[in-house]
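Here's an informal walk through one chain, from its overall build down to a handful of residues. Have the viewer open as you read.

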Amino acid sequence: MESTRSKLIHLLQDREREYVSGQVLSEALNISRSAIWKHMKELEKDGYTIEAAPRKGYRIVHTPDKLSANTVKWGLETNWLGQRLHHYSSVGSTQLHAHEFAQQNAEHGTVVLADEQTRGRGRLNRSWHSRKGEGVWMSMLLRPEIEPHRAPQMTLLAATVLAEVLKTHCGMKPQIKWPNDILSNGKKLAGILTELQAEHDQIQYIVLGTGINVNHEAEHFPEEIQSIATSVRNETGQSFELTPFIQALLQTFEKRYEEYMEHGFQRIKLRWEAFAYRIGERVVVKTAKREWRALLLGIEPDGALKVCDEDGKEEILYSAEIKWGKDEDENT
Ligand code: BTN
């Protein structure tokens, strides 16, 4: 059920910058006019500036830059993604919260956002630096009706969405390192963590986490990652408001997700390839069992990585790390 607050936001949003009378709002929401007034006061606490004029009603004249469930939902043009949205100023990890919501039967498309994570998680049990107010630390709860073996395609789908939005919204030329690293000039800008809960060959849910370094200055990163991490601001010399950036991400993700559900992985694959990094180059491939030099050939129709070793033997990999550098021993 949509909350009264989000219904109110939608009603005001439908007539952006125009007055909507207290009577209209109270009838549409089936609450008293004094309850409407209380909701307006709550919106003001979130940083909105609301004008109330006698006989005309209410209108929003300023939407705050401060991240909140309301500011993100205001103007969010999605049908289901982020329409249930939980925002926290500080959490351990948005992934954990999204898992909890999932286990309480939260809806497909529920989003968890935080200004800061104190125990942000990366792939391969690494930690993820998530400085307050400077990046997008977000987890989406998805309940796709696909077989569990296709879940890794969601990671590639998310990577193409991030790359697409960084290109169109921020004017960047990002690249994707298989499967999920978004790079700019060889440094890591963003990462994706896909966690799957499946039973009896059926996906219960997926928690798809994205971490994007947006407004960090170089010295805001911990020293040990300063040489390998970057941010949108570092790369473009410009800071970006987080709210419109998150809205663009959610809108693009919803569109591409629906395209994937309708047409399968083929279109995502083409988009992914347009952003692919180091295809056709020599790298070092590392799996849980071994590490070897190989040529990156590309991705398979299902999204798996195809490599060729120094003896010309081709292999298809579903889980691996790619490294390179002077001696192919530096990792990004
Ligand atoms: C990686 O590249 O290793 C994946 C990083 C994923 C980080 C995001 S930030 C939001 C969500 N919450 C987490 O704890 N991790 C993911």
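## A loop with two positive phi values

His200 sits in the loop that joins strand S8 (187–199) to strand S9 (202–213). Keep in mind that this is a predicted model. The phi angle of His200 is near 45°, a positive value in a residue other than glycine. Asp201 belongs to the loop between S8 and S9 too, and its phi is near 65°, again positive in a residue that isn't glycine. Why point these angles out? Most residues other than glycine have a negative phi.

Are these two residues buried or exposed? His200 has 76% relative accessibility, so it counts as exposed. Asp201 is exposed as well, because its relative accessible area of 67% is over the 50% cut-off.

There's another backbone feature to look at: the peptide bond from Trp178 to Pro179 is cis, with omega near -5°. Most peptide bonds are trans. Pro179 lies in the loop that runs between strand S6 (175–177) and strand S7 (181–184).

## The chain as a whole

Stepping back, the chain's secondary structure adds up to nine helices and 14 strands. Its radius of gyration is 22 Å, close to the 20 Å that the globule rule gives for 332 residues, so the chain is as compact as a globular protein of that length. Measured out along the principal axes, that is, in computed spans, the C-alpha trace covers about 80 × 45 × 30 Å.

How much of the chain is buried? Buried residues make up 51% of the 332 residues. As for contacts, take those with a separation of 6 or more: 62% of them are between residues 24 or more positions apart. On the outside, the chain exposes about 16200 Å², and carbon and sulfur atoms supply 44% of that area.

If you're thinking about electrostatics, the chain has 43 positive and 48 negative side chains. The centres of those two sets lie 4 Å apart.

## Two annotated stretches

UniProt annotates two stretches here, in an unreviewed entry in each case. The "DNA-binding region" is listed for residues 22–41. In the model, that stretch is 85% helix and 0% strand, with its end C-alpha atoms 14 Å apart.

The other annotation, "domain: BPL/LPL catalytic", covers residues 73–261. Helix and strand each come to 29% over those residues, and the end C-alpha atoms are 24 Å apart.

## Some buried residues

Now for the inside. Here are four buried residues, with where they sit and their relative accessible areas.

| Residue | Location | Relative accessible area |
|---|---|---|
| Trp137 | strand S5 (residues 135–142) | 1% |
| Ala320 | loop between strand S13 (314–317) and strand S14 (321–323) | 5% |
| Thr78 | loop between helix H4 (69–73) and strand S3 (85–91) | 9% |
| Glu164 | helix H6 (residues 152–170) | 15% |

Glu164 carries a charged side chain, yet it counts as buried because its 15% is under the 20% cut-off. Which residues does Glu164 contact, once neighbours within four places in sequence are left aside? They are Thr252, Arg256, Arg271 and Phe275.

Thr78 is buried at 9%. Leaving out residues up to four places away in sequence, Thr78 touches Gln83, Leu250, Gln251 and Glu254.

Ala320 is a loop residue, and with a relative accessible area of 5% it is buried. With neighbours within four places set aside, Ala320 is in contact with Arg123, Trp178, Val285, Lys286 and Thr287. Trp178 turned up earlier, at the cis bond to Pro179.

For a sense of scale, try a couple of C-alpha distances. Ala320 and Leu8 are 312 residues apart in sequence and 47 Å apart in space. Trp137 and Gly264 are 127 residues apart along the chain, and their C-alpha atoms are separated by 28 Å.

How values were computed:
Residues numbered from 1 in each chain as written. Predicted model: local features only at pLDDT ≥ 70, side-chain atom pairs only at ≥ 80, totals over all residues. Heavy atoms only, no water. UniProt positions renumbered as here; feature names shortened; annotations may be inferred. Helix = DSSP H or I, 4+ residues; strand = E, 2+ residues; numbered from the N terminus. Rg over C-alpha atoms; globule rule 2.2 N^0.38 Å. Buried < 20%, exposed > 50% of the residue type's maximum accessible area, 1.4 Å probe, protein only. Contact = heavy atoms within 4.5 Å. Areas by Shrake-Rupley, 256 points an atom, 1.4 Å probe, with all protein chains shown as cover. Lys, Arg positive; Asp, Glu negative; His and termini not counted. Charge placed at Lys NZ, Arg CZ, Asp CG, Glu CD.
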